[in-house]
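Student: I keep meeting labels in structure descriptions. Can we check where they come from?

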Amino acid sequence: MTQIVVLTGGVGGAKLALGLSHILPDGALTAIVNTGDDFRHLGLHVSPDVDTLLYTLAGKANAAQGWGREGESWAFMAAVRELDGPDWFALGDGDMALHVLRTHRMAQGESLSQVTASFAARWNIASRIMPMSDDPVATMLATDDGLMEFQRYFVEQRCAPVVRAILFEGAEKARPAPGVVDAILSADAVLIATSNPFLSVDPLLAVPGVRSALARTSAPVVAVSPLINGKAVKGPTAKLMGELHMPVDNDSIAQHYAGLIDAMLIDSGDPCDGTDIAIARCATLMTTLADKMRVAQAALDLATRLRA
């Protein structure tokens with residue numbers, strides 16, 4: 001297989017993408033990234049999932065937390081606090097450069113896709129990184145505390161409010177970014193990363209054309225479950241499933257992707273009994289680079305068996 005597409009968002013998705021980038025030839029991987037988390041902060045266009053992937057594939061990500069830059073400094077945020085500015089969403093000094101340049105270049109007429117590709121090229125990233133859309137899509141959560149934009153829920157409120165529904169404002173008018181649909185249709189395999197299905201993958205699927213491309217592609221579509229022993233390694237996946245009245249198990253994940261995926265990779269000790277798709281197992285906890293490469297290879301091996 002020479003062309004692999006991964007749908008990704010967040011730290012978990014970046015881990016799988018990093019593993020794939022180490023076992024695939026240069027240029028073989030295309031990552032289509034959630035932008036439902038994007039928002040304006042202090043006048044800047046912040047694109048957290050795109051940036052997490054850029055930092056990860058460039059070897060610049062904070063190794064301990066998986067997001068942000070390694071060796072970051074915080075003089076800007078100290079000055080913001082000194083002036084009683086909003087500090088609920090922290091922007092490191094190096095991170096600020098990315099947001100300032102992105103905002104400036106988009107104001108000059110460049111698209112998010114163009115700016116992202118330019119940053120990736122500057123950092124010698126061999127994989128293609130495509131935002132899901134150049135049009136604004138905002139993930140919104142209807143909670144018991146009111147309607148919240150994603151970053152308010154995720155960062156400011158630390159996922160504490162009870163969620164009743166998830167909305168994707170602007171999705172119905174959005175178009176897939178250039179190359180997104182073609183990448184899916186021409187892929188040898190499509191992987192759905194260990195990203196939160198509801199907050200990171202569903203925004204991608206909400207963009208008209210993406211879901212239908214997944215349904216039309218002749219490539220096997222393999223999802224990697226974000227659950228291990230009924231729990232999410234990181235983030236609110238399990239909490240959301242409970243609040244949305246879904247059993248917290250792999251069968252629910254498979255059902256959520258029903259009609260789109262041909263198979264699912266799950267953790268070695270986990271069950272998945274109520275589905276007719278192909279199931280493969282491996283240890284899916286990704287801590288080291290070797291772990292990430294192992295899970296990536298297992299997902300590719302499953303796709304290869306399906307093609308055969």
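The turns below set labels against their cut-offs, using a predicted model.

Student: What makes threonine 288 partly exposed?
Tutor: Its relative accessible area is 39%. Partly exposed covers values between 20% and 50%. Therefore threonine 288 is called partly exposed.

Student: Where does threonine 288 sit?
Tutor: Threonine 288 is in the loop between strand 14 and helix 12 (289-307). Threonine 288 and glycine 19 are 269 residues apart in sequence. In space they are 9.7 Å apart, C-alpha to C-alpha.

Student: Why is arginine 158 called exposed?
Tutor: Exposed means over 50%. Arginine 158 has 70% relative accessibility, so it counts as exposed. The residue lies in the loop between helix 6 (150-156) and strand 8 (163-169).

Student: What is noted about the phi of arginine 158?
Tutor: Phi is near 55°. That is a positive value in a residue other than glycine.

Student: Which label fits leucine 42, buried, partly exposed or exposed?
Tutor: Leucine 42 has a relative accessible area of 43%. Buried needs a value under 20%, and exposed needs one over 50%. So leucine 42 is partly exposed. Leucine 42 has a positive phi of about 55°, although it is not a glycine. Its loop runs between strand 3 (39-41) and strand 4 (44-46).

Student: How do you know that helix 8 is largely enclosed?
Tutor: Count the buried residues. Helix 8 (residues 197-206) has 10 residues, and nine of them are buried, so the rest of the structure largely encloses this helix. Among the buried ones are Phe198, Val201 and Leu205.

Student: What makes the contact at the start of helix 8 a polar contact?
Tutor: A side-chain oxygen of asparagine 196 comes to within 2.8 Å of the backbone nitrogen of phenylalanine 198. The cut-off for such a pair of N or O atoms is within 3.5 Å. The distance therefore passes the cut-off.

Student: Why is strand 13 called mostly covered?
Tutor: Strand 13 spans residues 263-267, and five of its five residues are buried.

Student: How do you know that strand 13 pairs with strand 14?
Tutor: Pairing takes at least two bridges. Strand 13 and strand 14 (residues 278-282) have five bridges, in the parallel sense. Therefore they count as paired. In one bridge, aspartate 267 has cysteine 282 of strand 14 as its partner.

Student: How many bridges join strand 10 to strand 13?
Tutor: Strand 10 (residues 221-224) and strand 13 have three bridges, again in the parallel sense. Valine 224 has leucine 265 of strand 13 as its bridge partner. Strand 9 (residues 189-192) and strand 10 also pair in the parallel sense, over three bridges. There, isoleucine 192 stands opposite alanine 223 in strand 10.

Student: In what order do the strands of the open sheet run?
Tutor: The seven strands are ordered 5-2-1-9-10-13-14, with parallel pairing.

Student: What makes strand 5 (128-131) and strand 14 edges?
Tutor: Each has a single partner strand, so one side of each is left without a neighbour in the sheet. From one strand to the next, the twist averages 20°.

Student: How many residues line the second largest pocket, and what kinds are they?
Tutor: The lining has 13 residues. They divide into six nonpolar, three polar and four charged. Thr35, Asp38, His45, Pro136 and Val137 lie nearest the centre. The pocket holds about 190 Å³ of space.

Note on methods
Residues numbered from 1 in each chain as written. Predicted model: local features only at pLDDT ≥ 70, side-chain atom pairs only at ≥ 80, totals over all residues. Heavy atoms only, no water. Buried < 20%, exposed > 50% of the residue type's maximum accessible area, 1.4 Å probe, protein only. Helix = DSSP H or I, 4+ residues; strand = E, 2+ residues; numbered from the N terminus. Polar contact = N/O pair within 3.5 Å; in protein donor to acceptor, adjacent residues only side chain to side chain. 1 Å grid on protein atoms, 1.4 Å probe; cavity = no way out; pocket = protein on both sides within 12 Å on 5 of 7 lines; lining within 4 Å. Points joined across faces, edges and corners; volume = space filled by probe spheres on them. Nonpolar A, V, L, I, M, F, W, Y, C, P; charged D, E, K, R; others polar. Axes fitted to C-alpha atoms, helices over the stretch in contact; angles between N-to-C directions.
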